[in-house]
Every structure is written in structure tokens, then in C-alpha cells.
Protein chains: 2
Amino acid sequence: MKQITKYIIKNSLKRIFLYRACLVRLRLMGVEKVFSYTLANETGVTSEQVRKDFSEFGIKGNKRGGYDINDLLEKMEKIFHRNKDHNLVLIGMGNLGLALSKYSKFVQRNMNIVATFDIDPFKQKQRSDIPVYSMDRLKEIVDRFRVKVAILAVPEISAQEVADKLIRHGIKGIVNFAPVLLKVPQDVIISNVNLCDELESVIYYVHKQIKVDGLKNLELLYKDMKY
Amino acid sequence: MKQITKYIIKNSLKRIFLYRACLVRLRLMGVEKVFSYTLANETGVTSEQVRKDFSEFGIKGNKRGGYDINDLLEKMEKIFHRNKDHNLVLIGMGNLGLALSKYSKFVQRNMNIVATFDIDPFKQKQRSDIPVYSMDRLKEIVDRFRVKVAILAVPEISAQEVADKLIRHGIKGIVNFAPVLLKVPQDVIISNVNLCDELESVIYYVHKQIKVDGLKNLELLYKDMKY
DNA sequence: TATATTTTGTGATTTGTTTCACATCAATTT
DNA sequence: AAATTGATGTGAAACAAATCACAAAATATA
């Protein structure tokens, strides 16, 4: 029943986010129309890739005319359910949890942390603007705000236990900052953010690069990276 | 010269990190030997995948005997340069930067943040154990500690400018938390951590899942996720 | 109105990754 | 000592993703 489900966010979806960020920036600059190669240049992919990605998500442009930025962004909003607000809970108000609770970008993108939870809610309460509750009020909050997605920033030792509780109370998606592979039912979406792994990957590639003395053998190196 | 280079950390490398975490845990439990399918079960991949990944990184076991955990971990340490210490700098002591500067897991894995930097070093100094400098001391520190990798946690507006400065002073790898695509020379490794995108991806998949009423049409859903 | 131009959208092809299938080897049993 | 068992390691096959190449459409030009 409960099993390891490792969902790796599709690369095409990641690219779509990239395009969107780029479109938002362009719109701010007053640009109204883009071509696939505009986006391609800005995001470091090929223009065919842009069009293929759009096609995958059912986004159409006008032949010769390219894409209308407003129209494009509107379509994306719809696809990513960005037209409505999303309520989140955050579990674990340690250093990282606290920082995440103050991360203003979430709000800017209609994602609201409605409550945070900690085993010691009183310790943190003063430092945060968002209410800090103890875990026994989880169900109440999740139900009241119809929360479907949680951010998990607890120590690794308690991550699985907390995840179980979240899922029992109806959470369907978790962004997990604890460096453990959570065992969850098949219908729960997990996205792991492992800070150490990110750093170690970079260190690994940097050392590899340094070893191939300077820029001599870049071709060889690139074969080892997925672009 | 300077261009967008989007390095996506290879999936096989990510899996290797997974295996390692698993091995460390098993060793702690007193286990001394593993088979490819042990690791496979624990990490949610297939045993062939484990062996192929090992083969890619030149790791060999003993036929029939499986793998000796200590031996395996030692080999991995070497491959990932974990046998020596790595000095890092962290730029941007906002909420996130502060949390990262206190993240104890880095130290546990031989990655030491030797100094942090902020445009307003005095504001943050009291809150941190690690020295907080202003950017003009960057070169001095990078040279003294032979720093090759930086963590970038500055606002997106200044991310590119700071990245340029880092690279000018010899930084070869950056873990970038700012939601912008940095333009860097080809020989610089970038790993982007985009918190909003992670959350939005999860929200996207959760909604998709909810739409296919319950668990009816899971097959269809899974086609959209890379496992 | 006809022609040329430009850009999309998508089958066909190539390239990359995962799974399959089995030869190979080492340990154990007979 | 031979036969059997159970694991690794890896080419071959299947699958997935990215690139190529070009038809179709919309606009501009003559």
C-alpha cells in the first residue's frame, strides 16, 4: 500500500515555468508579442523545444504572428490553476521553516501559507507573522482552509511520521525539505528539495571540470550533464 | 561568451546520492552488506538501474557477494570528493540566507560556509555565528579559503550582478536560489533551486490527480511523470 | 490578386535512458 | 570435484525525449 513514490517533476513542466517567468519579465518591459525563438534565446533552449512544450500543454499561437504575451500568460494561469488561491500549511518552524514562512514570493504567486506547525509552537510564535500551532490542530486547519499541499521542513527523524499524519488528514502533495525518501500512497505527490545534494552535485561537477584542465575537454564533460 | 547554461544535474547522480543516504542509514543499523535489490527496494528504483548507475560511476561489487557497505561508501566518498573539506561562501543574508547559514547538514557533510556576505553586513551580524562581510571583501575571502562554490540567496534583482562578481573572483559553481536564469560562461556550473516552481509543480500534479476522479485513471496520470 | 516571406505545428529521425535478458563469476551444496 | 544457486555486469531491445525538416498558415509585398 504505502510505497516509495519518487515523482520527478517533468522537465517540460520546469521549462514551462521558465517561459512564464520570462514572459512576465517581457510584459513588464512593455513587450506584447513573442516568437518561439525569443523565448528560446531567453531561456537557453531551442525554439522547436519551446513549440513542442507548448504543444504538449495544448498551447497554440498564430502562424507567422507568434504568440501574444497576455494571451499566453492567461492560458498558463489556467493550466497551472494560478487563477485561484492555494492554501498551504508549513510544518516545522526551525531555521528553514521560519525562512520559508517569510518567503514573500509564495504570496505573490497566490500561494498562501495559512498556518504553520511546530512541536513547540510557543518558542517560535514571536518570530513569525503567520500563526504557529501545535500539531494537534492540524486537522482543524486543513479542513477549514481546504489545504491540499504542505511544505515539510521538520528534522529528518520525524519527517516520515509527520508525512503520515498529513496524508491521514487529507494532504495530497508535499514539498519535502527533509533529506529522506518518504513512503507514501501512490496518489500523493512528493517533490524533494535536498539542499546538500544540490551543493554536492555542484561540487562534483566543478571538480570534474577543474580536472579536465581548463576548458580543453568541454565536450567530454557535457556528455555527463543533462541539458 | 557569457550565455545561459542550464545544467540539470543528471538523474543518475541524484540516484547515487539516494543510494548513499540509504547506505549510511543501513550502516548505522549495523548492516554490512547490500545487494542491488536491497538498494533498489529502499530507494524505489529497479535493481538493474542500481547496477547500471554503479557501472556508470565505475563502482564494482562482487559477483554473488553483493556490495560491502563500507567499501561502497568509501568509493563514493572518493568519487564525490567527500574525503576533503569544501569551503563555501554564501551571498545574501536575508531570511533564506540566514537559514542556510545555520543549516547544520552542510557541515556534517564537510561543506563549510567560511563567510557570508550582504550589502548591509551590520544588520545581520548579530543573528549569525558565521562572519558577515560586505561584498568588497569577497575577493580576499575567496582567495584565502580557495573557495570554488557559492550559495546565492540574494534578491532576484541583484542576482546576475552578484553572480558576475563571483565568477570574476574565481567562483566556478553556484547554487542559485534567486528565481532568475543566470547568464554565465560555459565553464561555470549552476544549480537552480526555485522554491515557487517546486510548489507550483506539486499543486499542478495534485489538481490533475484530483480531476481524474480519485484513483480511477492513474495510468494516464503516470504517463505525465518521469519516474 | 499572386508571390514571397516568416513563423507555427508536427511527423520523422536521432539521441539518450531504462529495462530486459543472459553470460559470467563466486559461493554453496551434493 | 561437479553441479547448483544467486548475484553481478553489460550488450541488446524498448522506450522516451530532443532535434530536424518541412507542410501549412498567416502576413507582407509586388
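**Chain pairing and DNA strand D**

Mentor: In this predicted model, about 7300 Å² is buried between chain A and chain B, and carbon and sulfur atoms give 68% of that area.

Trainee: How many residues of chain A are in contact with chain B?

Mentor: The contact involves 77 residues of chain A and 76 residues of chain B.

Trainee: And how many salt bridges are there between chain A and chain B?

Mentor: The count is 10. One of the pairs is A:Arg109 with B:Glu200, whose closest N and O atoms are 2.8 Å apart. Helix α10 of chain A, residues 195-211, supplies the largest share of the side that touches chain B, namely 16 residues. By class, that side of chain A holds 42 nonpolar, 14 polar and 21 charged residues.

Trainee: Turning to the DNA, which residues come nearest to strand D?

Mentor: Of the 22 residues around DNA strand D, the nearest are B:Ser36, B:Tyr37, B:Arg51, B:Gly61 and B:Arg64. The residues of this surface comprise 12 charged, 7 polar and 3 nonpolar.

Trainee: What part of DNA strand D do the side chains of A:Arg64 and A:Gln49 approach?

Mentor: For A:Arg64, a side-chain N or O atom is 2.9 Å from a base oxygen of strand D. For A:Gln49, the corresponding partner is a phosphate oxygen, at 3.3 Å. In chain B, a polar side-chain atom of B:Tyr67 lies 2.8 Å from a phosphate oxygen of strand D.

Trainee: Which elements give two or more residues to that surface?

Mentor: They are α3 (47-56) of chain A, and α2 (36-43) and α3 (47-56) of chain B. The most comes from α3 of chain A, with 4 residues.

Methods. Residues are numbered from 1 along each chain as its sequence is written. Chains are lettered from A and ligands numbered from 1 in the order in which they are written. This is a predicted model: local features need pLDDT of at least 70, side-chain atom pairs count only at pLDDT 80 or more; totals for chains, interfaces and linings use all residues. Side-chain values use heavy atoms; hydrogens and water are left out. A residue is near a molecule or strand if one of its heavy atoms lies within 4 Å of it. A polar contact is a pair of N or O atoms within 3.5 Å; within protein, one must be able to donate a hydrogen and the other to accept it, and residues adjacent in sequence count only if both atoms are side-chain atoms. Ala, Val, Leu, Ile, Met, Phe, Trp, Tyr, Cys and Pro count as nonpolar, Asp, Glu, Lys and Arg as charged, and the others, Gly among them, as polar. Contact means heavy atoms within 4.5 Å. Buried area is the accessible area (1.4 Å probe) that two parts lose on being put together, summed over both. A salt bridge is a side-chain nitrogen of Lys or Arg within 4 Å of a carboxyl oxygen of Asp or Glu.
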